[in-house]
Amino acid sequence: MEELKNEQTEVCTQTAEAEETNGAGQTEVSLGKFKDAEALLNAYNSLESEFTKRCQKLKELEKKLSDEEKATPPPTEESFAGENKPQEISDEKKKEIVQEYLSGVLFGKQKAIVLDGEGAGVKTPVSRPKTIKEAGNLAKEIFSK
């Protein structure tokens, strides 16, 4: 905020000095890097024509893109008929798949779990009996000790 005030005061003092040097009421317009108003007008016209060219090119590209989107129809079920057609599975095959899954779940070995973090440790899952017979054998083993 203070910098803004400093800039404004500098501009005001420069303007006042310019008015004093130019005489009473005559002020000269600064054209920046341009020599005169005609050079500024030429630069503006060339800039405007370049901007117009870029806008036209952008519109052409947007139109081309929208035309391509319109040309390709959205996918339908018929277009995927050969690729992802569901296969018929017989009842025997279904039973086989289910039995394979259940045997893997019931008789699968439990794997050790490695804990992440600062202190790494290994924790093995608790082995629980799956049938009453296994529970009875476990109880006999515990009470016999």
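**Confidence, fold and surface of a predicted chain**

In this predicted model, the chain has a mean pLDDT of 75, and 61% of its residues reach 70 or more. Confidence varies along the chain: among its elements, helix α1 (residues 2-22) has the lowest mean pLDDT, 52, while helix α2 (residues 37-71) has the highest, 92. Where pLDDT is low, the predicted coordinates should not be read in detail. For a reader following along in the structure, helix α2, with its mean pLDDT of 92, is a helpful place to begin.

The secondary structure consists of four helices and two strands. Read from the N terminus, these elements follow the order α-α-α-β-β-α. The chain contains 145 residues, and buried residues make up 0% of them. Its accessible surface comes to about 14,700 Å², and carbon and sulfur atoms account for 56% of that area.

Helix α2 also holds a pair of charged residues worth finding in the structure. The side chains of Glu 50 and Arg 54 meet in a salt bridge, with a distance of 3.4 Å from N to O. This contact falls within the 4 Å limit used to define a salt bridge, and the count for the model comes to one. The spacing of the two partners along the sequence is easy to follow: Glu 50 and Arg 54 are four residues apart in helix α2, so about one helical turn separates them. The two partners can also be described by their accessibility. Glu 50 has a relative accessibility of 37% and therefore counts as partly exposed, whereas Arg 54, at 59%, counts as exposed.

Another surface feature is nonpolar. Val 98, Tyr 101, Leu 102, Val 105, Leu 106 and Phe 107 form a patch on the surface, and together these residues have about 660 Å² of accessible area. One of the members, Phe 107, is found in helix α3, which spans residues 91-107. Phe 107 has a relative accessible area of 70% and is therefore exposed, since the exposed class begins over 50%. Its value also satisfies the requirement that patch residues have over 30% relative accessible area. Phe 107 is thus a handy example of a nonpolar residue that is exposed in this model.

Definitions and conventions
Residues are numbered from 1 along each chain as its sequence is written. This is a predicted model: local features need pLDDT of at least 70, side-chain atom pairs count only at pLDDT 80 or more; totals for chains, interfaces and linings use all residues. Side-chain values use heavy atoms; hydrogens and water are left out. Patches are made of residues with over 30% relative accessible area and no salt bridge: like charges are joined within 9 Å, nonpolar side chains (Val, Leu, Ile, Met, Phe, Trp, Tyr) within 5 Å. Accessible areas come from the Shrake-Rupley method with a 1.4 Å probe; for residues, only the protein chains shown count as cover. Buried means under 20% relative accessible area, exposed over 50%, partly exposed in between (1.4 Å probe, protein chains only). pLDDT is the predictor's confidence in each residue, from 0 to 100.
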